[in-house]
Amino acid sequence: MSQSLALNPPVRGQWAILNPPGHAKLAFDFLAVDDQRSPYNGVSLLRHIFSTISVDATFAWGKPVFAVMDGTVVAASDGTPDRERISMARDLFRLMLFGPKIAPPFSALGGNYVILKCGDFYPLYAHLKKGSVCVHPGDIVRSGDQLGLVGNSGSSLQPHLHFQVMNTPEPFPLFKNLVPFVVSSAQKRTDGKWQSVECEALANGEHLQL
């Protein structure tokens, strides 16, 4: 399938795009950042690695997420608590030893989540903040409608949005039903300068203004 599905952005503002180890090529993490591409507000990376910080010290925490197309909500989960104190070394160790099973229910991995049906495509938003999901199965949404807030629920090391598009409404088997897509428009920071891009696929490490 060609990369022709054009979506409006699921978030707004400055975001780093990550496709970390263990993720499929078409599954992306959105991490809110500042002009220096730092995800931290008033704290340092070293403090996050070796000590403990609050999720309030990250730019992503509580940022709204939006419908990327007109569609219908086919699944929504909002009962998984967020981890509000994070420590990278401790959390990585915990994840390696006690990581969740790659099996239903999806909330064990994705925490609070929303899945839309947009024609033949199913956008999925994961790791949302508990209590923030403002849609229910059967709701009709328009592109740009708010669905919830970025949280730190499920198998998440720090607040971020996990986003992917599927060709079925079920996340399992994990990463086996993903669809390529492009973002309708964005500003991309390259060599310290912002450049307008249209209908471009996401790539690991990009710094975008959406």
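**Close-up views of a predicted model**

**View 1. The largest cavity and its lining.** About 50 Å³ of space lies in the largest cavity of this structure, which is a predicted model. One cavity of 30 Å³ or more is held by the structure. The residues that line the largest cavity are Val183, Ser185, Ala186, Val197, Glu200, Ala201, Leu202, Glu206 and Leu208. Two elements, S13 and S14, give two or more residues to this lining, and the largest share, three residues, comes from S13. Strand S13 covers residues 182–190, and strand S14 covers 193–200.

**View 2. The largest pocket and the elements around it.** The largest pocket holds about 720 Å³ of space. Its lining is made of 27 residues, of which Pro20, His23, Asp29, Ser155 and His160 are the closest to its centre. At least two lining residues are supplied by each of strand S3 (28–32), H2, H3, S9 and S12, while the largest share of the lining of this pocket, three residues, comes from H2. For orientation, helix H2 runs over residues 88–98 and helix H3 over 107–110, strand S9 over 122–128, and strand S12 over 161–166.

**View 3. His162 and its surroundings in strand S12.** His162 is found in strand S12, and its relative accessible area of 5% falls under the 20% cut-off, so His162 is classed as buried. The side chains of His162 and Asp29 are joined by a polar contact of 3.2 Å; Asp29 is also among the residues closest to the centre of the largest pocket. When neighbours within four places in sequence are left aside, His162 is in contact with His23, Ala27, Phe28, Asp29, Leu124, Tyr125, Ala126, His127 and Phe175.

**View 4. The edge-to-face pair of Phe106 and Phe172.** The count of aromatic pairs in the model comes to six. In one of them, the ring centres of Phe106 and Phe172 are 6.2 Å apart and the ring planes stand at 70 degrees, so the pair is edge-to-face. Because Phe106 lies in the loop between H2 and H3 and Phe172 in the loop between S12 and S13, the pair ties together parts that are 66 residues apart in sequence. Phe106 counts as buried at 9% relative accessibility, and Phe172 is likewise buried, with a relative accessible area of 19%.

**View 5. Phe163, Phe181 and the aromatic cluster.** The rings of Phe163 and Phe181 have centres 5.5 Å apart and planes at 90 degrees, so this pair too is edge-to-face. The pair links distant parts of the chain, with Phe163 in strand S12 and Phe181 in the loop between S12 and S13, 18 residues apart. Both residues are buried, the relative accessible area being 1% for Phe163 and 4% for Phe181. Ring pairs link Phe28, Phe30, Tyr125, Phe163 and Phe181 into a cluster, and two members of that cluster, Phe28 and Tyr125, are among the residues in contact with His162.

**View 6. Arg12 over the ring of Phe66.** Arg12 lies over the face of Phe66, at 3.7 Å from the ring centre.

**View 7. Two cis peptide bonds that lead into proline.** Most peptide bonds are trans. A cis bond, with omega of about 5 degrees, joins Pro104 and Pro105, and Pro105 is found in the loop between helix H2 and helix H3. Phe106, described above as part of an edge-to-face pair, lies in the loop between H2 and H3 as well. The peptide bond from Phe172 to Pro173 is also cis, with omega near 0 degrees, and Pro173 lies in the loop between strand S12 and strand S13.

**View 8. Positive phi at His127 and Asp191.** Most residues other than glycine have a negative phi. His127, which is not a glycine, has a positive phi of about 70 degrees; its place is in strand S9, and at 6% relative accessibility His127 counts as buried. His127 is also among the contacts of His162. Asp191 likewise has a positive phi, near 55 degrees, but Asp191 is found in the loop between S13 and S14 and is exposed, with a relative accessible area of 78%.

Note on methods
Residues numbered from 1 in each chain as written. Predicted model: local features only at pLDDT ≥ 70, side-chain atom pairs only at ≥ 80, totals over all residues. Heavy atoms only, no water. Helix = DSSP H or I, 4+ residues; strand = E, 2+ residues; numbered from the N terminus. Buried < 20%, exposed > 50% of the residue type's maximum accessible area, 1.4 Å probe, protein only. Phe/Tyr/Trp six-rings, centres within 6.5 Å; stacked < 30°, edge-to-face > 60°. Lys NZ or Arg CZ within 6 Å of the ring centre and 35° of its normal. Polar contact = N/O pair within 3.5 Å; in protein donor to acceptor, adjacent residues only side chain to side chain. Contact = heavy atoms within 4.5 Å. 1 Å grid on protein atoms, 1.4 Å probe; cavity = no way out; pocket = protein on both sides within 12 Å on 5 of 7 lines; lining within 4 Å. Points joined across faces, edges and corners; volume = space filled by probe spheres on them.
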